[in-house]
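Reader: I am in my first year and would like to learn how to read one part of a protein model slowly. Could you take me through a single region, explaining each term as it comes up?

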Amino acid sequence: MAKKIKVKGDAGHGASDPGAIGPTGKREKDFNLTMALKLEELFKNHPHIDFSLTRRTDVFLELKERVKIANSQPADLFISIHANAASSSANGTETFYNRTTSAPLAGVIQRHMLAATGFKDRGARYGNFAVIRDTKMDAVLLEVGFISNPEEEKKLFQDDFQNRVALAIAQGICEYLGVPFDVQAPTLPGQEPVKVTPYPEMSVTVHTAAGSTYTGYNVKGTTWVPSRPIGELIGGRIGYAKGKVTINGEAVETMNIDGVGYVTARDLTKLLDARIFWDKTTPSRVEIYPKN
């Protein structure tokens, strides 16, 4: 078995250090720990990632202790989780990095986290924080939202919001590392399990009279699309033989995702003589046109 990639999660503040306090008295340390534990649960049994935390309970760790824990493991990535604070009108999501080598990680996680929060984009930017400056691996500090903002404070402590953001952070980590988004969905008593998509999603639009938009996936830079609905829309004959999708009788590389046969967009369009375009401004958007 290949050696797992070690990711260290860090819940900011703790115990006697509550962090920022929101308008209704909610404490940043509680949000940070809840999010860290949700991430730990998501990565439970992940085949490629060993995710662990600097703290799993309400204890206080000095900044140098957090750094020491990450450096002595040693971890391959370090993710510190926080909620921001300023004026009551300050708002938005931002991700900090210290070294330029950590900038790509910050950018990927910021993109996913932004989509999950729906908050203002404050960007992936430089920050001189000890836990991302003194750690030896790629490291980022996440400010999910402003606990000082009444509207954002309310959302930060909603379970559905937390689950969505935790999934987004996990998806960003997997995308950055180039591994499948194979996470363990949290299952809490009395709640439906969170739906987990296995890879970064792609929006695939088929331009025919009866066309529609479907969900595809980006697997290590290759776009995979559901074979039957798209193939039949653009005039193909889709079948299955010995576990593989066939397009007009020719077997192609196949991936089974949640019981659905997916094929690469290139194979599908090439065999059906269709045209395919990836949106340069929005790489997750794909357009497919039939040959006529």
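Reader: What percentage of the 292 residues of the chain counts as buried? With that as background, please take a close look at strand S4 (residues 93-97) and the parts around it.

Author: This is a predicted model, in which local features need pLDDT of at least 70 and side-chain atom pairs count only at pLDDT 80 or more, while totals for chains, interfaces and linings use all residues. Residues are numbered from 1 along each chain as its sequence is written, and side-chain values use heavy atoms, with hydrogens and water left out.

Of the 292 residues of the chain, 49% count as buried, where buried means under 20% relative accessible area, exposed means over 50% and partly exposed lies in between, as found with a 1.4 Å probe on protein chains only. The chain holds eight helices and 16 strands; these are DSSP runs numbered from the N terminus, helices being H or I runs of at least four residues and strands E runs of at least two. The C-alpha trace spans about 65 × 45 × 45 Å along its principal axes. Among contacts (heavy atoms within 4.5 Å) between residues at least 6 apart in sequence, 66% join residues at least 24 apart.

Now to the strand itself. Glu 94 sits in S4, and it counts as buried because its relative accessibility is 3%. Its side chain makes a polar contact with the side chain of Arg 125, at 2.6 Å; such a contact is a pair of N or O atoms within 3.5 Å, and within protein one atom must be able to donate a hydrogen and the other to accept it, while residues adjacent in sequence count only if both atoms are side-chain atoms. Once neighbours within four places in sequence are set aside, the residues in contact with Glu 94 include Gln 110, Met 113, Arg 125 and Leu 141.

Phe 96 belongs to S4 too, and it is buried because its relative accessible area is 8%. Val 140 lies 44 residues away from Phe 96 in sequence, yet the two C-alpha atoms are 5.5 Å apart in space. With neighbours within four places again set aside, Phe 96 is in contact with Val 140 and with others, among them Arg 125, Tyr 126, Phe 129 and Ile 132.

Helix H3 (residues 103-117) packs against this strand: its buried residues meet S3, S4, strand S5 (121-126), S6 and helix H6 (159-177). Among those buried residues are Gln 110 and Met 113, together with Leu 105, His 112 and Thr 117. An α-helix has 3.6 residues a turn, so residues three or four places apart point the same way. The expected span of a helix is 1.5 Å times one less than its number of residues, which is why the 15 residues of H3 should span 21 Å, and the end C-alpha atoms are indeed 21 Å apart. Just after H3, Gly 118 takes a positive phi of about 75 degrees.

H6 can be read in a similar way. It has 19 residues and reaches 27 Å from first C-alpha to last, close to the 27 Å expected, and it is followed by Gly 178, whose phi is positive, near 75 degrees. Within H6 lies Gln 162, which is buried because its relative accessible area is 5%. The C-alpha atoms of Gln 162 and Thr 117 are separated by 9.0 Å, although the residues are 45 apart along the chain. Beyond its neighbours within four places, Gln 162 is in contact with Phe 31, Thr 34, Met 35, Lys 38, Leu 156 and Phe 157.

Strands S3 (77-84) and S6 (138-146), which the buried residues of H3 also meet, each supply at least two residues of the lining of the second largest pocket. A pocket here is an open set of points on a 1 Å grid over the protein atoms alone, where a 1.4 Å probe fits, with protein on both sides within 12 Å along at least five of seven lines, and lining residues have an atom within 4 Å of a point. The lining has 20 residues, of which Gly 12, His 13, Asp 17, Leu 63 and His 82 lie nearest the centre of the pocket, and S3 gives the largest share of that lining, four residues.
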